[in-house]
Amino acid sequence: MAARSEQIPVHMRIVIEAPVPGIRHSLQSKDGHPLDPKVSRSGEPLAFDFPVRVAPGPKFYGDQVRREGPTRRFVYIRIGQSAGDPSSPWSRRMKVDIHGLEQTLLDRATETGGVVEIVVNGTGNDGSPACATVRLIRTGLA
């Protein structure tokens, strides 16, 4: 782990485009519970903001950052029952990879105070909420 003094705070936002209407989504807290739950009433995008710390590499740290292996870092979006809605027919999580974000984008965010925005599709091919590892539609500064 990089020394705390080498870690630079960066604001991040995950935008879920075209979420299934009426289904609760949330970030996953550091202790594995729903955090900041939201519901799209008519398919409008949902946005989740959270801080991370970035060290050279880049290496990512923070309450929402999960790790798998030596380099993979991602953020969980909880869906349906997993997001705290016991009446939902779904209990899923979406993995949003962040380890592949370009260093230049992270540098621009720290220089300008901008928000690194990651956009993903919220609906799977079968019409149900997207889950497992989702493909990034686009990334940029907001």
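Is Ser88 buried or exposed? In this predicted model, Ser88 is buried, because its relative accessible area is 5%, and under 20% counts as buried. Ser88 lies in the loop between E7 and E8. Setting aside neighbours within four places in sequence, Ser88 is in contact with Ile23, Gly80 and Gln81.

One of those partners, Gly80, sits in strand E7, which covers residues 72–80. Gly80 counts as buried too, because its relative accessibility comes out at 0%. Not counting residues up to four places away in sequence, Gly80 touches Ile23, Arg24, Asp85, Ser88 and Trp90. Ile23 thus turns up in the contact lists of Ser88 and Gly80. As for distances, Gly80 and Val116 are 36 residues apart in sequence, with 26 Å between their C-alpha atoms.

Now for the chain as a whole. The secondary structure comes to one helix and eleven strands, and reading along the sequence gives β-β-β-β-β-β-β-β-α-β-β-β. The radius of gyration is 15 Å, close to the 14 Å from the globule rule for 142 residues, so the chain is as compact as a globular protein of that length. Along the principal axes, the C-alpha trace spans about 45 × 30 × 25 Å. Of the 142 residues, 45% count as buried. Contacts tell a long-range story: among those between residues at least 6 apart in sequence, 62% join residues at least 24 apart.

The surface and the charges come next. The accessible surface comes to about 7300 Å², and carbon and sulfur atoms account for 50% of that. The chain carries 19 positive and 15 negative charges, and the mean positions of the two sets are 5 Å apart.

Inside, the largest nonpolar core has 29 residues, and Met12 and Leu101 are the ones touching the most other members. At least two residues of this core come from each of E1, strand E4 (46–55), E7, strand E8 (91–97), helix H1 (103–112) and strand E9 (115–121). E4 gives the most, with five residues.

Met12 itself belongs to strand E1, residues 8–17. Met12 is buried, because its relative accessible area is 1%. Leaving out neighbours within four places in sequence, Met12 is in contact with Phe48, Asp49, Phe50, Val52, Ile98, Leu101, Val115, Val116 and Ile118. Leu101, the other residue singled out in the core, is therefore among the direct contacts of Met12, with heavy atoms within 4.5 Å. Ile77 is 65 residues away from Met12 in sequence, and the C-alpha distance between the two is 14 Å.

A few backbone details round things off. The peptide bond from Gly57 to Pro58 is cis, with omega near -15°. Pro58 is placed in the loop between E4 and strand E5 (59–61). Positive phi values also show up outside glycine. Asp36, in strand E3 (residues 34–39), has phi near 60°. Asp36 is partly exposed, because its relative accessible area is 34%. Ala132, which lies in strand E10 (residues 132–133), has a positive phi of about 65°. Ala132 is likewise partly exposed, with a relative accessible area of 46%.

Methods. Residues are numbered from 1 along each chain as its sequence is written. This is a predicted model: local features need pLDDT of at least 70, side-chain atom pairs count only at pLDDT 80 or more; totals for chains, interfaces and linings use all residues. Side-chain values use heavy atoms; hydrogens and water are left out. Helices (H or I, at least four residues) and strands (E, at least two) are DSSP runs, numbered from the N terminus. Buried means under 20% relative accessible area, exposed over 50%, partly exposed in between (1.4 Å probe, protein chains only). The radius of gyration is taken over C-alpha atoms; the globule rule is 2.2 Å times the number of residues to the power 0.38. Accessible areas come from the Shrake-Rupley method with a 1.4 Å probe; for residues, only the protein chains shown count as cover. Lys and Arg count as positive and Asp and Glu as negative; His and the chain ends are not counted. The place of a charge is taken as NZ of Lys, CZ of Arg, CG of Asp or CD of Glu. A nonpolar core is a set of buried Ala, Val, Leu, Ile, Met, Phe, Trp, Tyr and Cys residues joined through side-chain atoms within 4.5 Å.
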